[in-house]
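Biologist: I am new to this structure and would be grateful for a close look at a single part of it, followed by an account of its setting. Please begin with whatever detail you consider a suitable entry point, and proceed from there in one connected answer.

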Amino acid sequence: MSDIAVKFPFLTEKQDFTLPASISIEQASSQDTAEFKTSLVQAGKLFADMTGGMGIDTIFFSRKFDKAIYIERSPELCELARHNFSALGLNNIEVVNADSTEHIKLVPFCDTIYIDAARRSLSGGKLVSIADCEPNILPILDTIHSKCNTLLVKLSPMLDITTALSELQSVKELYVVSVKNECKELLALIDNTSGNTIQTTIHCINLPFKSDFTFTQADEAECHIEQSMPLCYLYEPDTSILKAGAFKSIGVRFNLYKLHTNSHLYTSDKLVENFPGRTFHILDCRKVHKEHFKDIPKANLTVRNFPTPVSQIRKNLHLLEGGDLYLFATTLMDGTKRILVCEKTI
């Protein structure tokens with residue numbers, strides 16, 4: 001199956017759909033994430049996408065609204081969008097070729113406005129901060145708020161969450177979205193109908209399973225988690241949870257012990273079901289020396305709070321990649337450096 005078919009399976013039978021340049025495809029939402037974003041907002045009369053791009057998000061959002069406005073400053077992308085929306089039979093989308101930072105003043109009041117600013121520099125480098133992305137929405141936030149009930153902003157998955165909440169303000173819900181354990185999106189949802197938001201609820205979402213671990217930064221600050229040496233089981237949280245910073249909350253919620261303050265690996269005597277991440281049975285705990293790994297020629301290796309990179313550990317231990325065993329090089333609560341030999345639980 002091609003990369004396009006994997007990312008946009010709904011297009012596999014749409015022969016008339018025309019693809020844009022590769023950079024637009026790369027930055028476009030996948031079908032999984034576009035469908036998830038659409039589920040976050042209520043159906044209504046009018047939707048506007050201020051950063052139309054390839055139009056994937058507009059396609060899915062348009063199905064929940066009587067009318068959708070796609071705004072894009074690239075004439076070429078607008079031409080493609082008109083063609084593709086027609087090919088998909090979506091006749092309720094208006095395509096507007098304009099700079100959205102100016103055109104937003106002319107847009108009628110919307111139920112929902114969506115923004116996914118471009119996160120690539122002219123040289124192709126990745127941009128992270130809200131101010132560096134194009135368009136920079138910070139100077140016009142008040143105008144955008146005055147034009148909608150709900151504002152949904154897609155941010156770089158590398159952006160610091162505390163910074164994002166501080167700059168956007170009044171974020172009611174923040175969604176940290178991973179796809180198959182790879183963090184893909186930060187989504188800030190602002191509800192202009194509910195007044196000032198005192199505390200943002202943070203959702204850690206793992207697609208396609210849609211597991212939702214929810215907490216607040218106040219919850220995390222107030223949590224106290226006990227530490228332990230390795231017990232029977234090892235738990236590695238999903239990347240969305242690690243990105244969100246729920247390092248104590250996840251352990252407390254599932255009655256787990258932490259291996260070390262900075263290791264972000266957890267352990268328990270009894271198996272915990274439905275943990276949002278990977279779960280392993282600990283077979284052994286070994287010193288990091290090749291003499292202790294002669295019986296393991298091949299294994300999967302992860303490093304957590306450990307000074308030596310994966311490539312160097314593999315070289316030192318003469319360890320090939322793959323197999324059914326999972327090794328975790330980490331620091332334990334007593335400060336010792338060890339490798340945990342594990343197998344996945346069924």
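Modeller: Cysteine 342 is a suitable place to begin: in this predicted model, its relative accessibility is 0%, so it counts as buried. The closest cysteine sulfur to that of cysteine 342 belongs to cysteine 285, and at 9.3 Å it is too far away for a bond. Cysteine 133 is likewise buried, with a relative accessible area of 6%. Its sulfur lies 15 Å from the closest cysteine sulfur, that of cysteine 183, which is again too far for a bond. In keeping with these distances, the structure holds 0 disulfides.

The part I should like to examine closely is strand S6, which runs from residue 173 to residue 179. Of its 7 residues, 7 are buried, so the strand is largely enclosed by the rest of the structure. Side chains in a regular strand alternate between the two faces of the sheet. In S6, Glu173, Tyr175, Val177 and Val179 point one way, whereas Leu174, Val176 and Ser178 point the other way. The residues of both sets are buried.

Strand S6 has a pairing with strand S7, residues 182–191, which is antiparallel and extends over 7 bridges. Within this pairing, valine 177 is placed opposite glutamate 185 of S7. Strand S6 also pairs with strand S8, residues 201–207, in this case in the parallel sense and over 7 bridges. Here valine 176 of S6 faces cysteine 204 of S8.

The connection between S6 and S7 merits attention of its own. The two strands form a hairpin, with 2 residues between them. Lysine 180, in the turn, has a positive phi of about 55°. Asparagine 181 is found in the same loop, between S6 and S7. Although it is not a glycine, asparagine 181 has a positive phi of about 70°. Most residues other than glycine have a negative phi, and most peptide bonds are trans. With a relative accessible area of 29%, asparagine 181 is partly exposed, whereas the residues of strand S6 itself are buried.

Beyond S8, the backbone shows a further local feature. A cis peptide bond, with omega near 5°, leads from leucine 207 to proline 208. Proline 208 occupies the loop that connects S8 with strand S9, residues 211–215. Another cis peptide bond joins glutamate 134 to proline 135, with omega about 5°. Proline 135 lies in the loop between strand S4 (110–116) and helix H7 (141–145).

A further residue with a positive phi is histidine 318, at about 55°, and it is not a glycine. Histidine 318 is placed in the loop between helix H12 (310–317) and strand S15 (320–331). Its relative accessibility is 57%, so histidine 318 counts as exposed.

Strand S15 leads to another element of the setting, an open sheet of 7 strands with mixed pairing. The strand order in this sheet is S11-S12-S10-S13-S16-S15-S14. At its edges stand strand S11 (257–258) and strand S14 (298–304), each with a single partner strand, so one side of each has no neighbour in the sheet. Further in, strand S10 (residues 233–237) and strand S13 (residues 277–287) are paired in the antiparallel sense over 5 bridges. In that pairing, proline 237 has glycine 277 of S13 as its bridge partner.

Finally, the chain as a whole provides the background to these details. It contains 12 helices and 16 strands, and its C-alpha trace spans about 70 × 45 × 35 Å along the principal axes. Of the 346 residues, 50% count as buried. Among contacts with a separation of 6 or more, 67% are between residues 24 or more positions apart. The accessible surface of the chain is about 16700 Å², and carbon and sulfur atoms contribute 49% of it. The chain carries 36 positive and 42 negative charges, whose mean positions are 5 Å apart.

Terms used
Residues numbered from 1 in each chain as written. Predicted model: local features only at pLDDT ≥ 70, side-chain atom pairs only at ≥ 80, totals over all residues. Heavy atoms only, no water. Helix = DSSP H or I, 4+ residues; strand = E, 2+ residues; numbered from the N terminus. Buried < 20%, exposed > 50% of the residue type's maximum accessible area, 1.4 Å probe, protein only. Contact = heavy atoms within 4.5 Å. Areas by Shrake-Rupley, 256 points an atom, 1.4 Å probe, with all protein chains shown as cover. Lys, Arg positive; Asp, Glu negative; His and termini not counted. Charge placed at Lys NZ, Arg CZ, Asp CG, Glu CD. Disulfide = S-S within 2.5 Å. Pairing = 2+ DSSP bridges.
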